[in-house]
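User: I would like to learn how to read a protein–DNA model. Could you take me through it feature by feature?

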Protein chains: 2
Amino acid sequence: MELTNRKKRILRAVVEIYIATAEPVGSKAVAQQAGLDISSATIRNEMADLTEMGYLEQPHTSAGRVPSTMGYRLYVNELMGEHRLTMQETQRINDALNLKMEELDRVIDRAGKVLSQISDYPVFTAAAPKKRVTVKRYDLLMVEENAFIAVVMTDNSVVKNKLLRMPDQVSDPQLQMLSTVLNSSFVGLTLEEMEDALDQMETRSAPGAFRLISLVVQFAMEVLNEQASQNVHTLGITHLLEHPEYKNLDKAKPLMNYLAEENEASKLPVTLENGQNMNILIGPENVNEALKDTSVVMASYDIGDNMRGVIGVVGPTRMDYAKVTARLSYFADSLTRMFGKGELPPGDAGEDGSEKD
Amino acid sequence: MELTNRKKRILRAVVEIYIATAEPVGSKAVAQQAGLDISSATIRNEMADLTEMGYLEQPHTSAGRVPSTMGYRLYVNELMGEHRLTMQETQRINDALNLKMEELDRVIDRAGKVLSQISDYPVFTAAAPKKRVTVKRYDLLMVEENAFIAVVMTDNSVVKNKLLRMPDQVSDPQLQMLSTVLNSSFVGLTLEEMEDALDQMETRSAPGAFRLISLVVQFAMEVLNEQASQNVHTLGITHLLEHPEYKNLDKAKPLMNYLAEENEASKLPVTLENGQNMNILIGPENVNEALKDTSVVMASYDIGDNMRGVIGVVGPTRMDYAKVTARLSYFADSLTRMFGKGELPPGDAGEDGSEKD
DNA sequence: ATTAGCACTCATTCTCCCTGAGTGCTAAAT
DNA sequence: ATTTAGCACTCAGGGAGAATGAGTGCTAAT
């Protein structure tokens, strides 16, 4: 059987009505809104064909039709219209992003929150881990005789600090020395290399000096570790409850728990095929059991020259794909514009590389 | 009518059975478990009395009894038995807290998560704002010719840094100068005082120098602002869904939204009367509308010498108060032991005052 | 003072029936 | 050869009663 143009238009109408109403769609409803001047009987025939072809499904004999995964897929790939953002929405997004140049993760968090609000679905964000982060430089600042601040800057311009406290006293010259050693021997190394370097140092250093060094290096290693780990956050989980498919708590609970558990959420499909910067996974296309009846729309954005972040929306398969993709891609573009290219973004108050996590 | 000892024992039994079952409690059930050898008829009489006195309520004529707010109050104040933590539980708590000496807010976050898990209720945490935080010292670290790192340390030992970027070039001596100015004129001031000082400086400084100063001071002000703001987090909201009172979504939604919205949550009753370090608010004792049918159990813990944090559990009025208070007070004590007294906690890797928020 | 017994109440559950949206098929109309 | 009107049929969802049973309050006996 051939998928005529008219069939496509009908399929599109079914998907859109279903997205709007969450109820199986009958032939009459399609006849009214599809815009094609055709009687419901004809549409019934066409819909029967579409069902046979696998694009539609029937929950039970006397009910309307519901798009199948295949139907959604076709809709997303070919039929979906461009959705325009209203002025109000772009305004809202821009407000959220421009508010103030803050730390990267805060901006993303806020972006996620706004995205979740305007889309009414939960949102997850993930900064794709950077493979080889290294420390670019160390600074040590004396505070009291037995405490100092270690400032560590990585090659992706993240700066972190920690107040370190010692049992023994430390003098200013000692700190100078320490700083020299760190900046010569523990710079440009990956996490593993640092570990090795530290081990080696242990054997051929005075124990006192080594304690100091190891204190700072350990902190540096924590920082690198943090940078290397996939850090997935989910926001706005409660939006799920607003959608009829989750009015049954037994449906909602597993998914909510899945999203709420951070370690679980980290299994979200936060990777994108090479080159792709937008991806839609529909229902069973998700590998994970908990996401069986759930669609995930995600987009990537650039951070600096060689990092990528992923931001995505999670919702029922009956999700307003057009709306969501429009918003999502606008977000991703905006974020890329903010963080992509050139080490760090411009901004009145300068930039902040700290506390990225 | 007098509240005899027997009446109290019956009330206690009713509360505990109701806590366990979430169903109105009948005389028969009480007779079985109360341990007093008394027939259900007698208990019926006593329960009738308790109802008249206001400690119990009857949802409808032919239903069992449910504790009233007054009943819970009495239970919590007088009748509630000590609940012992199992070895396993203390172990779990200790694991969570001792894992590694990290930043304060992470430890608290983790503590909250575990508390939420072992109590099955949402948890909120709040570091009570410190009134007068001031900057103790500034450090500036040159990075490139048009970028430097500002490190700000407050008098409550919080250290924050930010990478600042400039349109103009800055020289090392210039930075030195800047640092001197900052450390002499912008130290020991509160947020408002700093604003004033900055205004004054503007009139009588060279514009170029002022831009630099204002950049750093603005950052310092952000840090102070962050310290001064009540920062409430909520964790484990989804646990609500596990309790029968929220199986009706219309009940669950407002509360979940209330807890999820951070600005809303900040209105949580996170204050404790002077001297108190544990407080229970039962149902209507909560001022807030959204918490009308909800109880809040909270405890405070010390951070350093002059800060207090609050950690609390939110749940239905039918909440296992004994269990929750036991866990909560153990947590609060542990946290106090970790962070209380003496500026910062001991720990193998030293301590961290950074990123406290 | 306590308890057994009994009539009564009422939320909950189940059953059965009805309604109406929607279908598929057939026959007429274009 | 399509398209459409008409009609019989299906079946989920909803509402009305009836049955159930947990629980009560009261009375009379212990």
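Analyst: Happy to, and let's begin with a single contact: a polar side-chain atom of A:Arg6 lies 3.0 Å from a phosphate oxygen of DNA strand D. A polar contact is a pair of N or O atoms within 3.5 Å; within protein, one must be able to donate a hydrogen and the other to accept it, and residues adjacent in sequence count only if both atoms are side-chain atoms. This is a predicted model, so local features need pLDDT of at least 70 and side-chain atom pairs count only at pLDDT 80 or more, while totals for chains, interfaces and linings use all residues. Residues are numbered from 1 along each chain as its sequence is written, chains are lettered from A and ligands numbered from 1 in the order in which they are written, and side-chain values use heavy atoms, with hydrogens and water left out.

User: Which other residues have an atom 3.0 Å from a phosphate oxygen of DNA strand D?

Analyst: A:Ser39 does so through a backbone N or O atom. In B:Arg65, an N or O atom of the side chain lies 3.0 Å from a phosphate oxygen of the strand.

User: How do I read the whole surface near DNA strand D, and which residues come nearest?

Analyst: A residue is near a strand if one of its heavy atoms lies within 4 Å of it. There are 21 residues around DNA strand D, and A:Arg6, A:Thr42, A:Ser62, B:Ser27 and B:Arg65 come nearest. Turning to the DNA side, 81% of the strand D atoms within 4 Å of the protein belong to sugar or phosphate, and the rest to bases.

User: What kinds of residues make up that surface?

Analyst: Five are nonpolar, 12 polar and four charged. Here Ala, Val, Leu, Ile, Met, Phe, Trp, Tyr, Cys and Pro count as nonpolar, Asp, Glu, Lys and Arg as charged, and the others, Gly among them, as polar.

User: Which helix supplies the largest share?

Analyst: Helices (H or I, at least four residues) and strands (E, at least two) are DSSP runs, numbered from the N terminus. The largest share, four residues, comes from α3(A). Both α3 (40–53) of chain A and α3 (40–53) of chain B supply at least two residues each.

User: Now the strands. Is β5 of chain A buried or exposed?

Analyst: Buried means under 20% relative accessible area, exposed over 50%, and partly exposed in between (1.4 Å probe, protein chains only). In β5 (residues 147–154) of chain A, eight of its eight residues are buried. A:Ala147, A:Ile149, A:Val151 and A:Met153 point one way, while A:Phe148, A:Ala150, A:Val152 and A:Thr154 point the other way.

User: How does β5(A) pair with β4 and β6 of chain A?

Analyst: Strands of a sheet pair through backbone hydrogen bonds, either parallel or antiparallel. Two strands count as paired if DSSP finds at least two bridges between them. β4 (residues 135–144) and β5(A) are antiparallel over eight bridges, with A:Leu140 opposite A:Ala150 and a hairpin of two residues joining the strands. On to β6 (residues 159–165): seven bridges join this strand to β5(A), again antiparallel, and A:Ile149 stands opposite A:Leu163. Four residues separate β5(A) and β6(A) in their hairpin, where A:Ser157 in the turn has a positive phi of about 65°.

User: In chain B, what is the strand order of the open sheet?

Analyst: The three strands run β4-β5-β6, with antiparallel pairing. β4 (135–144) and β6 (159–165) of chain B each have a single partner strand, so one side of each is left without a neighbour in the sheet.
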